[in-house]
Amino acid sequence: MRRERPPSESPVTSRPQKKMRRNIVPSSSVCYDSLAHWPEIFDERQRCKFCAKYAYTFVKCLKCNMHLCLAKGKNCFKTYNSNA
């Protein structure tokens with residue numbers, strides 16, 4: 001008589017691991033030096049790194065390499081790059 005293996009109590013399912021995202025923030029001396037911070041419009045929309053909760057933007061600071069809002073009612077670009 002042949003015996004079968006008992007079914008396991010909890011099936012093992014492997015989930016793909018989430019990719020760790022690292023926010024690379026430039027040093028404060030680079031962000032607040034007020035020199036050569038230029039906005040550029042990109043095709044890819046990403047979250048604003050200053051008010052990241054809700055806003056999406058196409059604008060990116062060329063020096064800081066960060067996406068920041070730059071619109072009529074909201075100017076995270078100026079706020080982030082100033083010493084205020």
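Colleague: Okay, I've got the structure open. How many helices and strands are there in the protein?
Modeller: There are two helices and three strands. Keep in mind that this is a predicted model.

Colleague: Noted. In what order do the elements run from the N terminus?
Modeller: They go α-β-β-β-α. Helix H1 covers 28-31, and helix H2 covers residues 76-80.

Colleague: And the strands, how do they form a sheet?
Modeller: The three strands form an open sheet in the order E1-E2-E3, with antiparallel pairing. E1 and E3 stand at the edges with a single partner strand each, so one side of each has no neighbour in the sheet.

Colleague: What does antiparallel pairing go through, again?
Modeller: In general, strands of a sheet pair through backbone hydrogen bonds, either parallel or antiparallel.

Colleague: Right. How many bridges join E1 to E2?
Modeller: Five bridges join them. If you want to find some on screen, Pro39 has Cys61 in E2 as its bridge partner, and Arg47 has Tyr56 in E2.

Colleague: And how many bridges for E2 and E3?
Modeller: Those two pair over two bridges, in the antiparallel sense. Look for Lys60, which stands opposite His67 in E3.

Colleague: What about the turn of that hairpin, how many residues sit between the strands?
Modeller: Four residues sit between E2 and E3 in the hairpin. Asn65 is found in that loop, and Asn65 has a positive phi of about 60 degrees although it is not a glycine.

Colleague: Is Asn65 buried or exposed?
Modeller: Asn65 is exposed, because its relative accessible area is 51% and the cut-off for exposed is over 50%.

Colleague: New topic: rings. How many aromatic pairs does a search of the whole structure find?
Modeller: The search finds one aromatic pair. Phe50 and Tyr80 form it, with 6.0 Å centre to centre and 75 degrees between the planes.

Colleague: Why is that pair called edge-to-face?
Modeller: The planes are 75 degrees apart, and an angle over 60 counts as edge-to-face, so the pair gets that name.

Colleague: Where do Phe50 and Tyr80 sit along the chain?
Modeller: Phe50 is in the loop between strand E1 (39-47) and strand E2 (56-61), while Tyr80 is in helix H2. They are 30 residues apart, and the pair links distant parts of the chain.

Colleague: How do they sit relative to the surface? Is Tyr80 buried or exposed?
Modeller: Tyr80 is buried, with a relative accessible area of 9%. Phe50 counts as partly exposed, at 44% relative accessibility.

Colleague: Which charged residues lie over rings?
Modeller: Arg45 lies over the face of Tyr56, 4.3 Å from the ring centre. The charged end of Lys60 sits over the ring of Phe42, 5.1 Å from its centre. You've met Lys60 already: it stands opposite His67 in E3.

Colleague: Back to the loop between E1 and E2. What does Cys51 touch there?
Modeller: Leaving out residues up to four places away in sequence, Cys51 touches Cys69, Lys74 and Cys76. Cys51 is in the loop between E1 and E2, and Cys51 is buried at 18% relative accessible area.

Colleague: How many residues apart are Cys51 and Lys74 in sequence?
Modeller: They are 23 residues apart in sequence, and 10.0 Å apart in space from C-alpha to C-alpha.

Colleague: And His37, which side chain does it make a polar contact with?
Modeller: The side chain of Asn81, through a polar contact of 3.5 Å. His37 lies in the loop between H1 and E1, and Asn81 lies in the segment after H2.

Colleague: Are those two buried or exposed?
Modeller: His37 is buried, with a relative accessible area of 13%. Asn81 is buried too, at 8%.

Colleague: Which backbone oxygen lies 3.2 Å from the side chain of Asn81?
Modeller: That of Phe77; the distance runs to a polar atom of the Asn81 side chain.

Colleague: Last one, the whole protein. What share of the residues is buried?
Modeller: Buried residues make up 23% of the 84 residues. The protein exposes about 8000 Å², and carbon and sulfur atoms supply 52% of that. Among contacts between residues at least 6 apart in sequence, 31% join residues at least 24 apart.

Conventions: Residues are numbered from 1 along each chain as its sequence is written. This is a predicted model: local features need pLDDT of at least 70, side-chain atom pairs count only at pLDDT 80 or more; totals for chains, interfaces and linings use all residues. Side-chain values use heavy atoms; hydrogens and water are left out. Rings of Phe, Tyr and Trp (its six-membered ring) pair if their centres lie within 6.5 Å; planes under 30 degrees apart count as stacked, over 60 as edge-to-face and the rest as tilted. Buried means under 20% relative accessible area, exposed over 50%, partly exposed in between (1.4 Å probe, protein chains only). A charge sits over a ring if NZ of Lys or CZ of Arg is within 6 Å of the ring centre and within 35 degrees of the ring normal. Contact means heavy atoms within 4.5 Å. Accessible areas come from the Shrake-Rupley method with a 1.4 Å probe; for residues, only the protein chains shown count as cover. A polar contact is a pair of N or O atoms within 3.5 Å; within protein, one must be able to donate a hydrogen and the other to accept it, and residues adjacent in sequence count only if both atoms are side-chain atoms. Two strands pair if DSSP finds at least two bridges between them.
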